[in-house]
Amino acid sequence: MKIRLVEQAFDPWQEIARHQSGQPALAGKFGATVVFVGTLRDFNQGDAVQAMTLEHYAPMTQKHLERVAEEALARWPIEDVLLVHRYGELQPNDPIVCVAVWAAHRDSAFDACRYLIDELKTRAPFWKQELTEKGRRWVEKEKD
Amino acid sequence: MSITVRFFASIREKLGKEQDIIECKGITCAADVWGKSAGVPLPPNTLVAVNMEYARPDQPVRDGDEVAFFPPVTGGAR
C-alpha cells in the first residue's frame, strides 16, 4: 500500500508502472488491476474553469487516506493499493487523483477501487477553489 | 499550556488567519476553542477535527491538542 500527496503534476500511468515494478512480490499474484483517474475538467456548474486550487490539511489528509486504504485491504481479498492525490494549483486536464488496486480477481479489484474513490472523496480533507472568468470561488459540497 | 488552532478554506479566509495558539484556561471543548479564537458564532455545517480526527463541537480538548475547523470537504460529485 502506498499513499502519495503530490504538489506537482503527475502522470498516473507512470505512477502505476513504477509502483508495480517496485513490488516484485506482486508478480504472479494478481490477475486484475483496476484504475480510477480523476481529472480536472474545464467546466463546472455552467462555467468555464481556468484553474483550481486544491487545499488540504496535510497530516490529516494523509492519515485518512491511509485509513481508507487499510479498510479496503481488510475488506476485500486484494493484493495492493496505490493512491496518488494532487494538491495546490491545478490546470484543466491535470490528473487530480489516481487509485489503483491489484487483486487476484476483478470483482474485488473493482469493488475496492470504487470504495476507495467514494470514501476518500467524502472523508479526506480537501477543498476546491475554482478560478472562473467571474473570479475565484469555493466549491460547495455537492448534494447527493 | 496551549492548544493549536487551525482554520481551512473559506473559514480561513473569512477569519483572515490560518493558525492560532490559545491558552487552555477556561477551555473545555472544541466549541470553546472556536469561541476564544474566532470570536464569532460557529457557522452551521462547520466540521471539527481534534488531533486529525473528526469530532463534535462538544468534544473535550486539553493541553497540546490541535483543533481544526473547516467547511464540508469537497472531493467531488459521483
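Which residue forms a salt bridge with A:D47? In this predicted model, the partner is A:R137, and the closest N and O atoms of the two lie 2.6 Å apart. A:D47 sits in strand β4 (residues 47-56) of chain A and A:R137 in strand β9 (residues 135-138) of chain A, so this pair ties together parts that are 90 residues apart in sequence. If you look at the surroundings of each end, A:D47 counts as buried, at 11% relative accessibility, whereas A:R137 is partly exposed, with a relative accessible area of 22%. The pair also belongs to a network of salt bridges that links A:D47, A:E130, A:K134 and A:R137.

Let us stay with charged pairs a little longer, since the structure holds 15 salt bridges over all chains. Strand β4 of chain A takes part in another of them: here A:E55 pairs with B:R12, with 2.5 Å between the closest N and O atoms. Because A:E55 lies in strand β4 of chain A and B:R12 in helix α1 of chain B, this salt bridge joins two chains. A:E55 is buried at 14% relative accessibility, while B:R12, at 22%, is partly exposed.

A more local example can be found in helix α1 (residues 12-21) of chain A. There, A:E15 forms a salt bridge with A:R18, and their closest N and O atoms are 3.8 Å apart. The two residues are three apart in the helix, so about one helical turn separates them. A:E15 is buried, at 7% relative accessibility, and A:R18 is partly exposed, with a relative accessible area of 48%.

Now follow chain B to its helix α2 (residues 30-38). Which residues are buried in this helix? They are B:A30, B:V33, B:W34, B:S37 and B:A38. These residues lie on the same side of α2(B), because they cover an arc of only 100° around the axis. What do the buried residues of α2(B) pack against? Their partners, in chain B, are β1 (2-7), α1, β2 (19-23), β3 (47-50) and β5 (66-70). Just after the helix comes B:G39, whose phi is positive, near 75°.

One of those partners, strand β3 of chain B, contains B:A49. This alanine counts as buried, with a relative accessibility of 0%. Although B:A49 and B:F69 are 20 residues apart along the chain, their C-alpha atoms are separated by 6.6 Å. Leaving aside neighbours within four places in sequence, B:A49 is in contact with B:Y54, B:A55, B:E66, B:V67, B:A68 and B:F70, and also with A:M60 of chain A.

Finally, turn to the empty space. Rolling a probe the size of a water molecule over the atoms shows where such space is left. The second largest pocket holds about 340 Å³. Two elements each give two or more residues to its lining: β8 (126-132) of chain A and α1 (9-15) of chain B. How many residues line this second largest pocket, and which lie nearest its centre? The lining has 18 residues, and those nearest the centre are A:E140, B:S10, B:N45, B:P71 and B:P72. The largest share of the lining, four residues, comes from α1(B), the helix that also carries B:R12 of the salt bridge between chains. By character, the lining residues of the second largest pocket divide into nine nonpolar, five charged and four polar.

How values were computed. Residues numbered from 1 in each chain as written. Chains lettered and ligands numbered in written order. Predicted model: local features only at pLDDT ≥ 70, side-chain atom pairs only at ≥ 80, totals over all residues. Heavy atoms only, no water. 1 Å grid on protein atoms, 1.4 Å probe; cavity = no way out; pocket = protein on both sides within 12 Å on 5 of 7 lines; lining within 4 Å. Points joined across faces, edges and corners; volume = space filled by probe spheres on them. Nonpolar A, V, L, I, M, F, W, Y, C, P; charged D, E, K, R; others polar. Salt bridge = Lys/Arg side-chain N within 4 Å of Asp/Glu carboxyl O. Buried < 20%, exposed > 50% of the residue type's maximum accessible area, 1.4 Å probe, protein only. Arc of directions from axis to C-beta. Contact = heavy atoms within 4.5 Å.
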